[in-house]
Structures are given as structure tokens and as C-alpha cells.
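Here are my notes on the model, set out as numbered points. Please read them alongside the coordinates.

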Number of protein chains: 2
Amino acid sequence: MSSKKPTIKDVARLAGVSFKTVSRVVNNEAWVSDDIKTRVQAVIAQLNYQPNRTARLMRTAPFSLAFVYDNPNSHYVIEMQNGILSQCRQKGFELVIHPTDSHSGQVLQELTTIIGSNQVGGVILTPPLSENRELVQQLLAQQAKVVRIVSGSAPPDDLCPTIYVDDEQAGFNITRHLLTLGHRRIAFLGYHKDHQSSLGRYRGYCAALHEAGLTVSEQLVLAGDFTFDSGVAMTEQLLQRGDKPTALFGCNDEIAAGALFTARMHQLAVPQDLSIVGFENSPFSRQTWPRLTTVHQPNAEIAAKAAALLISLMLENEAQTEHCGFELQLVLRDSVSIL
Amino acid sequence: MSSKKPTIKDVARLAGVSFKTVSRVVNNEAWVSDDIKTRVQAVIAQLNYQPNRTARLMRTAPFSLAFVYDNPNSHYVIEMQNGILSQCRQKGFELVIHPTDSHSGQVLQELTTIIGSNQVGGVILTPPLSENRELVQQLLAQQAKVVRIVSGSAPPDDLCPTIYVDDEQAGFNITRHLLTLGHRRIAFLGYHKDHQSSLGRYRGYCAALHEAGLTVSEQLVLAGDFTFDSGVAMTEQLLQRGDKPTALFGCNDEIAAGALFTARMHQLAVPQDLSIVGFENSPFSRQTWPRLTTVHQPNAEIAAKAAALLISLMLENEAQTEHCGFELQLVLRDSVSIL
DNA sequence: AAAATTTATGTCAACGTTGTCATGTGTTTA
DNA sequence: TAAACACATGACAACGTTGACATAAATTTT
């Protein structure tokens, strides 16, 4: 085959027209005679010409967006990514992936590079990055288009379009569910002071207990992160003490799975001896035994909405700040018993 | 703040030098006096200048690569993606994500666009796309740089650098492991005629049985795909027949998890009443109860190697065809009993 | 001290597109 | 039948960068 990729000029030469005319055909502009149009299209097909997107990018707005996240191993990420991707494909955008370490202190630098170098037209930020108000402001100061996904009953401010997910309400609902079934000693696994989702779920947990006239026992609130191993560790800790809880609220499904595993280790039957609920409705939550009662978090939808907002932000140039809230639904399965 | 992003010329004007000199500073070229260098760097910092990568791209080779995959919901993908990403960051490359539907018939068209439009310098192909020889050839014909990840004891041909993963050997090993423990009726779940990994594992399974002087019973080979639900369905089918197997070889961990679930539904204790093995060593395979005996498939490493090969292909211009094979190791856990 | 060489900087074209404007053609309007 | 207008095409600059080459100053060699 030929050595170089054909350019718009090669097409023009072969079709016997100016390269501008080819450009018109490629971009479906008006004022091109059908005659020439078909002739040019024939040459395009013949040469298998593909417009050079990079060159085009020098004259037009970027058509790529970046997905920035921190916790690369979670389902969360892949589901979000799929949601974003669905929007991207629909609207002809490209997706560039950017994991970061939010503790590295280089995040601002990295994001500045991504944005400043013009390769992407905007970024989607997820927690904990999205909850760093200062960071968002600094990105915005660089004319970046930003959409963030955060935990909350409402967007924290009007800096930029924001998708907010009501963890508190869901935490309330699932705790109340346990209370309704007669549980009184309910442990909360996965409290994390720097983690808004955790805090939101915790607030909901507390509110539900209060509503039932109960107080929150410090003994029953365990700090940890959102992993299976952490779930194992917290549950171990809990089961070694006297006065065991009758139900566990795992801050996410992985913690709950760790709890399930540990309960089994201790010969406790779930849900007969111990009820366990999770949060997120990740794929494996219906593959455990028993299947986990949990809260459905529509990650793909959430992220798709974020992508849709970002894309419209990139397309229309007005700095709109449309927000969008998500309520989370309980998913009742088999890991909870009536007390 | 200012309205436009600063360009190299803005920096030059403020520093009182030619824009070419700024370019030299930015790219760390030789023959720049320290005096001017520091002056220019100061202005760069002051303006927060970021080189426009798009413009740079018009003169240099692409610094992005595409990851093309088909099955968006598997762990497989996220692990591979992480592996690729680690290489990308190390070498300063960007990653663009491209899920496709290999059955859509548009794959070639899509990939042609990606490659032809010059936004990426190469693609990493995974099964089943990577196993479509014709597709690979057509991409190669367009001067695309391609690295593929396939199943096999050796690369199928020398079209392009290839990472091959020895499913057959691993399938042999894990089957022999079951045989060594005394199992004779071993079912194979997840046979799929269009799926090279499945076929490789199946060949290994057959070879191990033959080595032990056994014949492959058609009754015990169930066709299905690599999902939990498929695992459930196949196991159901198996358990409804008389003459049950003593062990199940799930073609991947999801199938094995489905089998585990179904066994529990049927009041069968694993591994006492039924042994189950999986394949892939996905995160949840050590979170099930009992923990799954499986084969470790180092997806991140495999993909990282693929990315490394692709990047070196993009950097040095010679059309090398270096290959790389991976052997898979058994991971012995708790889902298998001695018979 | 002239010539050659090294070092430091600048000028300008090119990359492949799209946007602006100019220049044609016909075809309608006055 | 001239003027106005729609339509169709082309010339050329611009986007922000890098590479090839030119030039000037400083240093070394003859």
C-alpha cells in the first residue's frame, strides 16, 4: 500500500477540485452540487480517506472528555465509565481516562496539564476529588469545563453542574428497614471521616435511630474503608466483643461481603443469627449467599447524566449550572431477617 | 482572568525572545543560555502556560493509544485497563477507551476511523477481536500499530506483536489437580465454540482426562458463556440429571460462582459434596465461601506488557514483532476436596 | 589576525484542517 | 436588459507547534 495517509489535498487533486470543496463535502456543508459531491465521495472511498482529527481540532472545539477517578479497583469505576461511554458514543465524543492519587498532592498539577493542553474539552470529577471545593475552583479558573458527581441531598454550591446522590436518605431508609423488622442493635461498618458518601450514609443511619428513639452507640460504629478486607477486620472486631449486634449496615457491598464472609467463619448463619445489608447493588451483591439486601446505586446512569451535562456544556458555550439529583432505592433480598 | 489560553507566542513576547526559543526551553533542547532559560521559565510559570498538545501533535507522533474491548462488564477489562494505564503514565501516554460490539459488523469501520483519524498511535486488541486474523490484517494494511492479546501456547502468526496466554496448559493443570485428588467425574462448564480461551481450557481439560486414561463424556461438557447466570443455568442442568459429577471446572470465576450459588440452593456443601474450581483469580474468587480454587490470570500484567510493546512500537519505528507468553499458575484455596 | 568552529538565537515553512472572503456562474427580479 | 440575487467554487490565512535552515556572537584553532 501507499506510504502516507491520504489528506484532504490528495482527495482534492484526484477529484479535480479545490481542497476546500472536499472539506465542504466531508462536513456536509450546503452549496455543493450533487455532481461534485458524488465525485468527491467516490475518491474519498477509493483512497479510504479519513479526516485528520488532530488537524481539525486546531480549528474546532475539543471532542474528548476526561474521566478522573481515584479508586481504580472498584465496580463503581467501570460502571461509571460505561455510562459515560454510552453518552460519548451517542454524541461522537472520545473518552480519555485519568486515574489519580488524590493524596499525592499533584492532582491539581495533573489536571491543569490535562485541561491546559487542549486535548480534552472538559472533565468529570468523582469523589473525593469532586468534593474538594478549592480544587474545583482552581480548575474553573482555568476556563475548564467541569461536571462533578458528589454525595449530598443538594449540590454544595453553584460552581459547576453537579450530580448529587442522596446517600443520607438512602442510609436512613435502609436503617429504618432494619428497625422496622425489629432490629435494635445495628452496627455501622465503614465510617470514614474524609469520605462524604460514608458520612452521608452515617447521618442517615443516625437519623433513623433517633427517629426510633434510640441513641447511637459508639461501640457499634466502626471506622474503615470500602474494601472487603476492611469489612472482615471490622466484623472480627465486632464479633469478638460481648453484646453482639443483630444487624450490620455495611457502608458498601464490599464491606458487607467481608462481613458475610466473617460471619460464616464464626459459624453464624446469615440472616438467622445476623442480618447484613450493603450499599451500591454491585453485581456481586446478588451472587453472594445469601444475596445481599442493599441500596441500588445506578452508577452508569449517574455517570451518563454527568457526561450528558458536560457534553452540553462543551457544545453550547453558555456557562449553565444545571444540577441533577439521584434518589436511591432499596433492594430487598435475603440477607436480613425479622427479629 | 484572561479570556484566551496563552500560547507559545505570548510567552515569547513577554520574555522578549523569539517563540522558537521558548519552544526550545519547553522541550529542553540544547543551546539555550541559562540566562534566557530561567527568564523564559519564569514567564511560563507566570502565565501558567501549557503547550497545546493538539498543535504539537501535528508535527510529532501521536502519544495516545486505544484500548479496544468487547465485554464491558467483566473484571477482566478493568484490570487490563489498569495495567495499560500504569504503562501509559510511566511513559507519558494517554489512553483512549473503545468498547465495541464485535457482532455488530461495524468493528472494522470503527477501528478504521480511530486509526485513520490520527488521534491514536496504536491499538491494543483483546479477544475476540484479537483472534480475527482478517480484521488484524486489514488494520495493519492501514499502517496501524497493533498489539493483540490472545489465547494460545504460541502466537498464531507473525502479523504483529502478540501477547499469548496459555489457557490450555492451565486448563490441563487444574484438571489434573482435580484428578490427583481422586475426582473422576469432572464437568466442564462454559464451553464456547467461538471463544478461544474457552477452547484452550477445554483442550487442557481433555488432555488431562486422557492422560489419566479417562474419556471425555459429552454429558459433562456444558456450553454457555462466561457469566454468573450462565453458571447457574449450567449447574442446574447438571444437577437435575442422575449420575452427578464430583467436581466442576468453571471456565471462569463467574461461572464457578454461579455453580457455587446453585450448589448451595441444592443443599450441597462445597467442597464436601461437590468440588468447584474457577479460572481467572478475579477479586471476588477469594471473597466467596468457600474461597475458590482457581487459576491466576495476571490481567494487569498481561495488559501492561501489551501496552509496553505497543509504546515501544510507536516510539521506534521499526516494525518489530516481539511476542510474549504468559503461563498461568494454580491458586489453591478451599473449594476442592479430596475424594 | 584570519579562519574555523562552537554556541546561541531567530526566520520561516510546514503539519491538515476550517473560516473568511473573493470570485465566479446562473437565475430571478425590477 | 440591467441589476440583484442565489448558488457554487476557489484562494488564502489561521490554528500553535516543531523542524530545517540562516545568522550572529563568542570561542577556539590555525
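1. For the residue classes used below, Ala, Val, Leu, Ile, Met, Phe, Trp, Tyr, Cys and Pro count as nonpolar, Asp, Glu, Lys and Arg as charged, and the others, Gly among them, as polar. With those classes, the residues of the surface near DNA strand D divide into 12 nonpolar, seven polar and seven charged, while the surface near DNA strand C is made up of 12 nonpolar, eight polar and seven charged residues.

2. This is a predicted model, in which local features need pLDDT of at least 70 and side-chain atom pairs count only at pLDDT 80 or more, whereas totals for chains, interfaces and linings use all residues. Residues are numbered from 1 along each chain as its sequence is written, chains are lettered from A and ligands numbered from 1 in the order in which they are written, and side-chain values use heavy atoms, with hydrogens and water left out.

3. On the relation between the protein copies, a turn of 180° with a shift of 0.0 Å along the axis lays chain B on chain A with an RMSD of 0.1 Å, the superposition being by least squares on the C-alpha atoms of residues with pLDDT of at least 70 in both. The two copies are therefore related as by a two-fold rotation axis. Within chain B, the C-alpha nearest that axis belongs to Val96(B), at 2.4 Å from it. Both copies use the same surface, in that 100% of the contact residues of chain B recur in chain A, where contact means heavy atoms within 4.5 Å.

4. Chain A is divided into domain 1 (8-57), domain 2 (64-166 + 299-327) and domain 3 (167-297), with bounds that come from an automatic or database domain assignment. Taken over C-alpha atoms, the centres of domain 1 of chain A and domain 3 of chain A are separated by 62 Å.

5. Which residues come nearest to DNA strand C? Of the 27 residues around this strand, they are Lys20(A), Ser23(A), Arg56(A), Thr21(B) and Arg24(B), where a residue is near a molecule or strand if one of its heavy atoms lies within 4 Å of it. Sugar and phosphate account for 58% of the atoms of DNA strand C that come within 4 Å of the protein.

6. The polar contacts (pairs of N or O atoms within 3.5 Å; within protein, one must be able to donate a hydrogen and the other to accept it, and residues adjacent in sequence count only if both atoms are side-chain atoms) reach both backbone and base of DNA strand C. A polar side-chain atom of Arg56(A) lies 2.7 Å from a phosphate oxygen of DNA strand C, and one of Arg24(B) lies 2.7 Å from a base oxygen of that strand. In addition, a polar backbone atom of Ser33(B) is 2.8 Å from a phosphate oxygen of DNA strand C. Two or more residues of this surface are given by each of α1 (8-15), α2 (19-26) and α4 (53-57) of chain A, together with α2 (19-26) of chain B; α2(B) gives the most, with four residues. Helices (H or I, at least four residues) and strands (E, at least two) are DSSP runs, numbered from the N terminus.

7. Around DNA strand D there are 26 residues, and those that come nearest are Thr21(A), Ile36(A), Ile8(B), Lys20(B) and Tyr49(B). Of the atoms of DNA strand D within 4 Å of the protein, 60% belong to sugar or phosphate and the rest to bases. Polar backbone atoms of Ser18(A) and Ser33(A) are 2.8 Å and 2.9 Å respectively from a phosphate oxygen of DNA strand D, and a polar side-chain atom of Arg24(A) lies 2.7 Å from a base oxygen. The elements giving two or more residues here are α2 of chain A and α1 (8-15), α2 and α4 (53-57) of chain B, with α2(A) giving the most, at four residues.

8. Some backbone geometry deserves a check, because most residues other than glycine have a negative phi, and most peptide bonds are trans. A cis peptide bond joins Pro127(A) and Pro128(A), with omega about 0°, and Pro128(A) lies in the loop between β3 (123-125) and α7 (133-141) of chain A. Another cis peptide bond, with omega about 10°, joins Val270(A) and Pro271(A); Pro271(A) is found in the loop between α11 (253-265) and β9 (275-277) of chain A.

9. Is the residue with positive phi buried or exposed in the case of Asn28(A)? Asn28(A), not a glycine, has a phi of about 60° and lies in the loop between α2 and α3 (34-47) of chain A; at 59% relative accessibility it counts as exposed. Glu280(A), with phi near 130°, is found in the loop between β9 and β10 (294-296) of chain A and is buried, with a relative accessible area of 10%. Buried means under 20% relative accessible area, exposed over 50%, and partly exposed in between (1.4 Å probe, protein chains only).
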